[in-house]
Each structure stands twice: as C-alpha cells, then as structure tokens.
Amino acid sequence: MEQITPNIYTETEIRGCNPSIVFTSEGAVFIDNAQWLPKNAALSNIS
C-alpha cells in the first residue's frame, strides 16, 4: 500500500480495483472501487 498523504493510503498493484483507506479524526474509511473499463460500459449499456 502506498501512502499518498499522511491520512490517505491506496493500493495500485491489484488488477481490477484500487482499495484505499482514509484516516479521519472520527475513524477510518475504507474505499474499494471497481475499475470501470470501456468494455464494461458497452456490456452494461450505461454511459
């Protein structure tokens, strides 16, 4: 995991997602978003 700022860490070596952690004064927020590829957009008919 790579430290972006003192409170933000992200992982860029996992194919298909970029999980991240943001540390706030109230706790940690975990972010796990899927990669959005143009092929996926065509398959789902969403733009």
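**Four strands and a helix: a predicted model**

Reader: How long is the polar contact that joins the side chains of T10 and S20?

Author: This is a predicted model, and the distance is computed from its atoms. T10 has its place in strand β2. S20 belongs to strand β3, which covers residues 20-24. The polar contact between the two side chains has a length of 2.7 Å.

Reader: Is T10 buried or exposed?

Author: The relative accessibility of T10 is 13%. The cut-off for a buried residue is under 20%. T10 therefore counts as buried.

Reader: Which residues does T10 touch, not counting those up to four places away in sequence?

Author: One of them is S20, whose side chain also makes the polar contact with T10. With sequence neighbours up to four places away set aside, T10 touches M1, E2, I4, N18, P19 and S20.

Reader: How many helices and strands are in the chain, and in what order do the elements run?

Author: The chain holds one helix and four strands. Read from the N terminus on, the elements run β-β-β-β-α.

Reader: What is the order of the strands in the open sheet?

Author: The sheet has four strands, and their pairing is antiparallel. The order is β1-β2-β3-β4.

Reader: Which are the edge strands?

Author: An edge strand here pairs on one side only. This holds for β1, residues 2-5, and for β4. The edge strands are thus named as β1 and β4.

Reader: What is the average twist from one strand to the next?

Author: The sheet in question is the open one with the order β1-β2-β3-β4. From one strand to the next, the twist averages 20°.

Reader: How many bridges pair β3 with strand β4?

Author: β4 spans residues 27-31, and its pairing with β3 is antiparallel. A hairpin of two residues joins β3 to β4. Within this pair, F23 stands opposite A28, and I21 has F30 as its bridge partner. The number of bridges between β3 and β4 is five.

Reader: What is the bridge partner of I8 in β3?

Author: Strand β2, residues 8-10, pairs with β3 in the antiparallel sense over three bridges. For I8, the partner in β3 is V22.

Reader: Which residues form the aromatic pair, and is it stacked or edge-to-face?

Author: The count of aromatic pairs comes to one. Its ring centres are 5.9 Å apart and its planes stand at 85°. Planes over 60 degrees apart count as edge-to-face, so the pair of Y9 and F23 is edge-to-face.

Reader: How far apart in sequence are the parts that the pair of Y9 and F23 ties together?

Author: Y9 lies in strand β2 and F23 in strand β3. The pair therefore ties together parts whose separation in sequence is 14 residues.

Reader: What are the relative accessibilities of Y9 and F23?

Author: Y9 counts as partly exposed, and F23 also counts as partly exposed. The value for Y9 is 23%, and the value for F23 is 39%.

Reader: By what distance are the C-alpha atoms of P19 and D32 separated?

Author: P19 is placed in the loop between β2 and β3, and its relative accessible area of 18% makes it buried. Leaving aside neighbours within four places in sequence, its contacts are M1, Y9, T10, E11, I14, I31 and D32. P19 and D32 are 13 residues apart along the chain, and their C-alpha atoms are separated by 4.3 Å.

Reader: With which residues is A28 in contact, leaving aside its neighbours within four places in sequence?

Author: A28 has its place in strand β4 and is partly exposed, with a relative accessible area of 38%. Its C-alpha atom is separated by 9.2 Å from that of N7, 21 residues apart along the chain. Beyond the sequence neighbours, A28 is in contact with I21, V22 and F23.

Reader: Among contacts between residues at least 6 apart in sequence, what share joins residues at least 24 apart?

Author: The aromatic pair of Y9 and F23 ties together parts that are 14 residues apart in sequence. For contacts that join residues at least 24 apart, the share is 0%.

Reader: What part of the area that the chain exposes do carbon and sulfur atoms supply?

Author: Buried residues make up 15% of the 47 residues. The chain exposes about 4000 Å², and the part supplied by carbon and sulfur atoms is 57%.

Terms used. Residues are numbered from 1 along each chain as its sequence is written. This is a predicted model: local features need pLDDT of at least 70, side-chain atom pairs count only at pLDDT 80 or more; totals for chains, interfaces and linings use all residues. Side-chain values use heavy atoms; hydrogens and water are left out. Two strands pair if DSSP finds at least two bridges between them. Axes are lines fitted to C-alpha atoms, for helices over the stretch in contact, and angles run from 0 to 180 degrees between N-to-C directions. Rings of Phe, Tyr and Trp (its six-membered ring) pair if their centres lie within 6.5 Å; planes under 30 degrees apart count as stacked, over 60 as edge-to-face and the rest as tilted. Buried means under 20% relative accessible area, exposed over 50%, partly exposed in between (1.4 Å probe, protein chains only). Contact means heavy atoms within 4.5 Å. Accessible areas come from the Shrake-Rupley method with a 1.4 Å probe; for residues, only the protein chains shown count as cover. A polar contact is a pair of N or O atoms within 3.5 Å; within protein, one must be able to donate a hydrogen and the other to accept it, and residues adjacent in sequence count only if both atoms are side-chain atoms.
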